[in-house]
Each structure stands twice: as structure tokens, then as C-alpha cells.
Amino acid sequence: MTETVELRSGTTMPMVGFGTWQLRGEQAYDAVSFALETGYRHLDTATMYRNEDEVGRAVRDSAVGRQDIFITTKLPAERRNRIRQTLEESLSALGTDYLDLWLIHWPPGGAAPDVWAEFIKLRDEGLTRAIGVSNYSVAQLTELTTATGETPAVNQIPWSPKHYDPAVLDEHRRMGVVLEGYSPLKGARLKDKTLTQIASRYGVTPAQVVLRWNLEHGVVVIPKSAHRDRIAENFAIDGFELNHAEVVAIDEI
Ligand code: NDP
């Protein structure tokens, strides 16, 4: 799946990325290596996941050039007083001199425009190509824009049929913020009849239907798996499309 979306910074972000939360040590290295072999060109990590070393090593050992991989990592809220230091530590662990996207992992006690202002500075210095947030409400996104004149390129939030909220999706679109959905599979009941029926119609799995549903809405997805068969399955979602009625049926789950 090679579909991409343009971020407001002009950076191109692959719509399907590989999530790495709860992958540690050699398991993280192996899974990321296999994801890159499979064709994923977007990796999602965080300081908190404690796997940036392994992600970086897998990138360096792969046959894919750094410039062809979109790397996201995140500032933990409790590091709000060590922002530059945390970014430098991430760069060093990942073995790269720039990030593609750096996110504020959680609102550090409110929207925190002061933290956002520091993000803008570090982006302008070239340490990261794009900046965004995670787990922010629409009101908090607005607060950052009003305070600094700069709207986050991305908001990474939980997103699945269970979380689907058309008003939230519309607001992100209106503000030009790319909605990146996390826990797309954990948040879905893969045995749900709507999903299994659509899956059998196309000869795919319910997990693939959920991931495809996100893409039909323009939502970026970052499924995680520790298993090769699922890593490949989650990436193989370009052989079918959902029609309008199917998308609506999943919206209504
Ligand atoms: P996911 O929705 O990606 O689900 C992962 C779980 O689903 C694992 O238990 C995995 O098992 C299983 N799974 C994977 N593929 C399949 C499949 N094809 N069929 C059935 N089961 C499958 O959950 P995550 O919470 O990991 O979210 C994805 C990513 O989002 C994270 O890895 C992280 O990068 C990011 N994230 C960000 C957060 C934030 O606060 N910003 C919070 C949470 C996640 P197995 O590994 O055994 O295959």
C-alpha cells in the first residue's frame, strides 16, 4: 500500500505505517526489519516505547535508504522541561539527523502552547520535517493555532469503528490537520458481522476491512503486529476498495 498524504509542511506521509508500541528488543528489531522488507515506509515509535534504538538499527540494516522512510517519534508529556534534549536523544537512538514527524505524545496538562512554540523552533532548525500532536481534542488544536499561528500537521488519536465521530473527522479536515488513527485493530471487534460479511465479499480479513475503512476516510493507520503473517496482511490492503454503503455500514458499528 503506497498511498500517501501531503502534510501542511509539504512533507509526504505514507497512509499506512507500522506501529511499534509494546515491541521491545530483538522482537522490535525483527518486526521493523520485516515491515521494511514487506514495503512499509512509515514507522511510528515514541520515547516512551523504549525501542528507538532497535527501530534505528533496523532502518540502518535495511536495504531501504533513510530518505525513503518516514519516521515519527514522540515527546512524553513529563519531558516538557527537556524538549530539545529529548529530541536530541531520539535522534541519537534512531541514528538519524532528522525526524519526519515529531509529536507531543499527550497534552502536558492542557494544550501547552509554550511546548508547541519550542516544537516550531526545532522544526525551523531542521531537526524534524513536520510537527504535530497526539491525544489532543479539537479545542486544544485550536488553542495551539490561536496562540502561535501554527496548526499541528497531524493529530494522532484512537480511531476505529468504535471511536468513529464524523464531527471530529470534519473538524480535522477543516483545520487541515491529518487525522492519524491509532489502535485501529484493538478498537475493533474483528468478529463483528458487518466486518466479516464485507471481508468474505472481497476475500480479505476483517482486519484488512477495518484498515481499508480508515483509508476510505482519509485517516492514516499504523497497525502493530509482532507476527510476520499479520505484518504482511495489514499492509496488503490495496487490492480492494469499499463502496459508500460499506463505509457507512462500518461507520454505524
Ligand atoms: P493495533 O490496533 O495496531 O492492534 C495491535 C494488536 O492487534 C496486537 O495485539 C496484534 O497482535 C493484533 N493484530 C495485529 N494485526 C492483526 C491482524 N491482522 N488480525 C488480528 N489481530 C491483529 O494497536 P496498537 O495499540 O498497537 O496501535 C497501533 C500503534 O499506534 C501502536 O503500535 C503505536 O505505534 C501507536 N499508538 C499510539 C498511541 C498514542 O498515545 N499516540 C497509543 C497507542 C498506540 P500481534 O502483535 O500478536 O500480531
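## Around the ligand

A polar side-chain atom of Tyr49 lies 3.4 Å from a nitrogen atom of the ligand. This is a good place to start exploring the structure, which is a predicted model. Two further polar contacts are worth finding on the screen. At Trp21, a polar backbone atom is 3.0 Å from an oxygen atom of the ligand. At His227, a polar side-chain atom lies 3.1 Å from a ligand oxygen atom. The ligand exposes 900 Å² when taken alone, and the protein buries 88% of that area.

Which residues come nearest to the ligand? They are Asp44, Ser183, Leu185, Lys224 and Ser225, out of 27 residues around the ligand.

## Trp21 and Tyr49 as a ring pair

Now let us turn to the aromatic rings. A pair of aromatic rings is described by the distance of the centres and the angle of the planes. In this model the count of such pairs comes to eight. One of them brings back two residues from the ligand's surroundings: Trp21 and Tyr49 form a tilted pair, 6.5 Å centre to centre and with 35° between the planes.

This pair links distant parts of the chain, since its members are 28 residues apart. Trp21 belongs to the loop between strand 3 (18–19) and helix 1 (25–38), while Tyr49 belongs to the loop between strand 4 (42–44) and helix 2 (52–61). Are the two rings' residues buried or exposed? Trp21 counts as partly exposed because its relative accessible area is 43%, a value between the limits of 20% and 50%. Tyr49 counts as buried because its relative accessibility is 11%, which is under 20%.

## Tyr40, Phe235 and a cluster

A second tilted pair is formed by Tyr40 and Phe235, with 4.5 Å from centre to centre and 35° between the planes. Here too, distant parts of the chain are linked: Tyr40 is in the loop between helix 1 and strand 4, Phe235 is in helix 9 (residues 228–235), and the two are 195 residues apart.

Both Tyr40 and Phe235 are buried. Together with Phe18, these two residues form one aromatic cluster.

## Charges over rings

Two tyrosine rings have an arginine for company. Over the ring of Tyr29 sits the charged end of Arg57, 4.2 Å from the ring centre. In a similar way, the charged end of Arg129 sits over the ring of Tyr98, at 4.0 Å from the centre.

How values were computed
Residues are numbered from 1 along each chain as its sequence is written. This is a predicted model: local features need pLDDT of at least 70, side-chain atom pairs count only at pLDDT 80 or more; totals for chains, interfaces and linings use all residues. Side-chain values use heavy atoms; hydrogens and water are left out. Rings of Phe, Tyr and Trp (its six-membered ring) pair if their centres lie within 6.5 Å; planes under 30 degrees apart count as stacked, over 60 as edge-to-face and the rest as tilted. Helices (H or I, at least four residues) and strands (E, at least two) are DSSP runs, numbered from the N terminus. Buried means under 20% relative accessible area, exposed over 50%, partly exposed in between (1.4 Å probe, protein chains only). A charge sits over a ring if NZ of Lys or CZ of Arg is within 6 Å of the ring centre and within 35 degrees of the ring normal. A residue is near a molecule or strand if one of its heavy atoms lies within 4 Å of it. A polar contact is a pair of N or O atoms within 3.5 Å; within protein, one must be able to donate a hydrogen and the other to accept it, and residues adjacent in sequence count only if both atoms are side-chain atoms. Accessible areas come from the Shrake-Rupley method with a 1.4 Å probe; for residues, only the protein chains shown count as cover.
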